[in-house]
Amino acid sequence: MRTARIAGLVVAGALALTAAIPASAADDAMVRVLHASPDAPSVDVFVNDGKVDALSGAEFGDLTDYVAVPGGTYSVKVCATVDNTVCPIGPVDLTFAAGKKYTVAASDLLAQIKANVFTDGNAVNGKAKVRVVHLSADTPAVDVLTQDGAAKVVENLAYPDATGYLALAPGSYDLKVCANAANTVCPLDPGALDLKAGVAYSVFAIGSLQPGEGAAALTAVVGVDGMAAPATDTEPTGSNAWLLVLAGAGLLGLVASRRFVAARVSVR
């Protein structure tokens, strides 16, 4: 099942991030790649003309594990797996600072594919930290409401913006996303969503609201950006990585910041 495969990929990346990075990694940046272009083929990632196996072979909806790279500026290109001479993105120069984590996301249709770079946050004990990134190019700006419509928790979040992180009490949240001015057209409604304490999440809305031939439909992927060190031996250290629709991302919008978290690079 595709949802299970993507959720498993995200969980594996989170565990690798928290369990395998030594203290000396403060000199490195952590970088992962999200394939969010709904009609693009499987892609490989090249850094300074060398293929990065851990970031390659990604299909639509895949979020790779983080990989460590020394802080600095790199020439990056994204090429079709079946033919590495076809590179719809790049080469572009991207700068990654030591001690920071980044998500590089390919979004929009292949004909106008873009690379979007976001700086990822860290987790805190006792709270869930969450943000949303709107990467569905043909989905209009959205509002996110509680199920009864009584409260609007995010307003006018547009492609390709991201909210800031918000620290929330762990628990279950039930929201819906609406895509018209009257909030009567609400295409996404995932039901109740659970957030875990000590975990930082990003929810990436990807795909096409009105997919044409060969394009994937609107969906979302949740990435685990970090896990806090447990305060006690009894604090949970696991995490759930969910495949959600955009409404799940909406609870991030309680801050309604609508800002990019990091630099955005567009390649045409």
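How many bridges join β1 to β7, and do the two strands run parallel or antiparallel? In this predicted model, there are 7 bridges between β1 and β7, and the pair runs parallel. One contact point along the way is easy to pick out: Leu34 has Ala105 of β7 as its bridge partner.

On the whole, this is a protein built with plenty of strands: 17 of them, alongside 2 helices. Of its 268 residues, 48% count as buried. About 11200 Å² of the protein is exposed, and carbon and sulfur atoms supply 54% of that area. Looking at contacts with a separation of 6 or more, 69% come from residues 24 or more positions apart.

Back to β7, which turns out to be a well-covered strand: 7 of its 7 residues are buried. That cover reaches both faces. On one side sit Lys101, Thr103, Ala105 and Ser107, on the other Tyr102, Val104 and Ala106, and every one of these is buried. Besides β1, the strand has a partner in β8: 7 bridges join β7 to β8, and here the two run antiparallel. Thr103 has Phe118 of β8 as its bridge partner, while Tyr102 stands opposite Thr119 in β8. The two strands make a hairpin with 6 residues between them. In the turn, Asp108 has a positive phi of about 75°. As for β8, 6 of its 7 residues are buried, so this strand is largely enclosed by the rest of the structure.

Elsewhere, 4 strands form an open sheet, lined up in the order β3-β2-β5-β6 with antiparallel pairing. β3 (50–51) and β6 are the edge strands, each pairing on one side only. Within this sheet, β5 and β6 are joined by 6 bridges and run antiparallel. Thr73 and its bridge partner in β6, Thr95, belong to that pairing.

Now for the inside. In soluble globular proteins, nonpolar side chains tend to be buried together. Here, the largest nonpolar core has 23 residues, and Leu94, Phe96 and Val104 are the ones that touch the most other members. At least two residues of this core come from each of β1 (28–36), β2 (43–47), β4 (67–70), β5 (72–80), β6 (89–96), β7 (101–107) and β8 (114–120). The biggest share comes from β6, which gives 4 residues. Apart from this core lies another one of 13 residues, including Leu34, Phe60, Phe118 and Ile206. Two of those names have come up before: Leu34 as the bridge partner of Ala105, and Phe118 as that of Thr103.

Not every bit of space is filled, though. The second largest pocket holds about 200 Å³ of space. It is lined by 20 residues, and those lying nearest its centre are Val31, Val33, Val45, Leu55 and Val76. Strands β1, β2, β4, β5, β6 and β7 each supply at least two residues of the lining. This time β1 gives the most, with 4 residues.

Key. Residues are numbered from 1 along each chain as its sequence is written. This is a predicted model: local features need pLDDT of at least 70, side-chain atom pairs count only at pLDDT 80 or more; totals for chains, interfaces and linings use all residues. Side-chain values use heavy atoms; hydrogens and water are left out. A nonpolar core is a set of buried Ala, Val, Leu, Ile, Met, Phe, Trp, Tyr and Cys residues joined through side-chain atoms within 4.5 Å. Buried means under 20% relative accessible area, exposed over 50%, partly exposed in between (1.4 Å probe, protein chains only). Contact means heavy atoms within 4.5 Å. Accessible areas come from the Shrake-Rupley method with a 1.4 Å probe; for residues, only the protein chains shown count as cover. Two strands pair if DSSP finds at least two bridges between them. On a 1 Å grid over the protein atoms alone, a cavity is a set of points where a 1.4 Å probe fits but cannot get out, and a pocket is an open set with protein on both sides within 12 Å along at least five of seven lines; lining residues have an atom within 4 Å of a point. Grid points are joined across faces, edges and corners, and a volume is the space filled by probe spheres set on the points.
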